[in-house]
Amino acid sequence: MTALLVGGTAAADKEPLGHRFGDWPTWQGDSSGSRFNAAEHTITPRTVGKLRLKWAFAYPKNGFPAKSQPAVVDGGIYFGSPDGKFHALDARTGATRWTFELGTVHPGAVVIDGPAVARGKVYFGDNQGHIYALEQRTGRVVWNKDTEPHPAGMHTSSPLYYRGKIYVGASSGENVNPDRNYPCCTFRGHIDSLDADTGELTWRYYTVPEPQAIGTWPSGATRYEPSGAGVWSSPVIDEHTGTLYVGTGQLYSGTTGDFDTLLALDARTGAVRWKQQVTKADTWRLLCSFPNSEGYCPGQKDGTALDYDLGATPTLYRVHGRTMVGIGQKSGVFHAFDARTGEVSWRRQLSVPMPGGGLSGIQWGSSFDGRNLYMATNWGNPGTVFALNPANGDIVWQTPNPVDGCTTGGAAQHPTVCMRAHTPAVSTTPGLVYEGSVDGKMRVYDARDGAVRWEFDTIRDFTGVNGLTGRGSAISGNGGAVIAGGMLYVQSGYWPSYPSDHGNVLLAFGL
């Protein structure tokens, strides 16, 4: 089985684009963002109830949540851990193949994105803005590059490989600095194309102009604008047209730039083919949520401090002879556009936006199985898993987070932490939909009607194959369930975190 993640566009209508192999080699599962493993025929609606825990990998406790969604290729599983290490294990047994310590290259670095595996290399980023290429077989460093000129820059976006290039976005934590004396803000979101063999930059697209000093904040600190519009999520590619699609976040300061925008770029040059801005004004920083933020949050009075990112990865699909691109927003809206022209096809509001932040909506991504689009809302009162008709956005079914989610299992011990909410991206295999919850439970739903077919409570202690004890928590954002080779892999440990003396866990289930 090859490690190459490219695949051809499907010939049939309403079939996922870009998925050919049974592995899960990149964050989206494939180049089109389907998060659908069509080749998975072991875990089925008939057998899913027999899933059992096969092994766990426990992380040391150090304050970082488990964020790195694994890639599964050629019988190996590849992922980063919160302690600044990157691991390659046997996907069936959890036995260690090799471990790479990021600190030997960049002290203090932690992997918070998911890797991509292609052409015998493993690619991933870290929380300091570096990108790495390791030899898949040995873990040897092939190259590493500092791709982020800003000290607060980082990679939550996972790399995508396509025709000798790596595509990855850059985001930042600059806007969550609570210091009123900080000269906010100077970060510029960007999407990069890197040579996959050398790591050299081939093009960069900035989402905002160069920030300029335009006065001071009430504290006297220099005020810069515009800034922000980070690229939190991973790009996807239409391989027939060579078009790269990626969403952007909100501004930190100012009012101009490609914020809350779906970009369609020429993958070879980075030139804009079209762009759709889905929110006309959105400037938000953490101080917008603080009392007495007068003067530090210009959009608060006029209602434009929204935090309505396109933090989810787009999904390409075909319906009625057209290639479409859909993307979820933190406002709770799912948007569908003509992939060639950018023309709006339909929009569907799935949850009511919460004031002062976008936690109620769609956080990390959707899935397409050739029949329906699937996505989940986070703090949607309650969070809900949806199946939508890809042609018009009509709701096929919806399943709210179960009413007993916070009163059963490990979550019942922590009622002030638990919420009936979904942070992860949704994943699918034929007949099944996979989504984890803030209540710590991993669930598998029937793709026909949304009925829960399997549930596992992860808020408990696990003995890891690496000799440590770990404990599950809220099911991880920055990714979702990975299904490959008859196994289901889940990172358990994210915000909000459940109290524990142990670190979090990667769990592997099989029949």
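Visitor: What makes Cys-184 and Cys-185 buried or exposed?
Guide: Buried means under 20% relative accessible area, exposed over 50%, partly exposed in between (1.4 Å probe, protein chains only). Cys-184 falls in the buried class, and so does Cys-185. This is a predicted model: local features need pLDDT of at least 70, side-chain atom pairs count only at pLDDT 80 or more, and totals for chains, interfaces and linings use all residues. Residues are numbered from 1 along each chain as its sequence is written, and side-chain values use heavy atoms, with hydrogens and water left out.

Visitor: How do you know that a disulfide joins Cys-184 to Cys-185?
Guide: A disulfide is a pair of cysteine sulfur atoms within 2.5 Å. Here S to S is 1.9 Å, so the pair qualifies. The link of Cys-184 and Cys-185 is left-handed, with -90 degrees about the S-S bond.

Visitor: Why is the disulfide of Cys-288 and Cys-297 called right-handed or left-handed?
Guide: The torsion about its S-S bond is about 100 degrees, so this disulfide is right-handed. Both Cys-288 and Cys-297 are buried.

Visitor: What makes Cys-406 and Cys-418 a disulfide?
Guide: Their S to S value is 2.0 Å. The torsion is about -80 degrees, so the link of Cys-406 and Cys-418 is left-handed.

Visitor: Why is the protein called as compact as a globular protein of its length?
Guide: The radius of gyration is taken over C-alpha atoms; the globule rule is 2.2 Å times the number of residues to the power 0.38. The rule gives 24 Å for 511 residues, and the protein has 21 Å, which is close, so the name fits.
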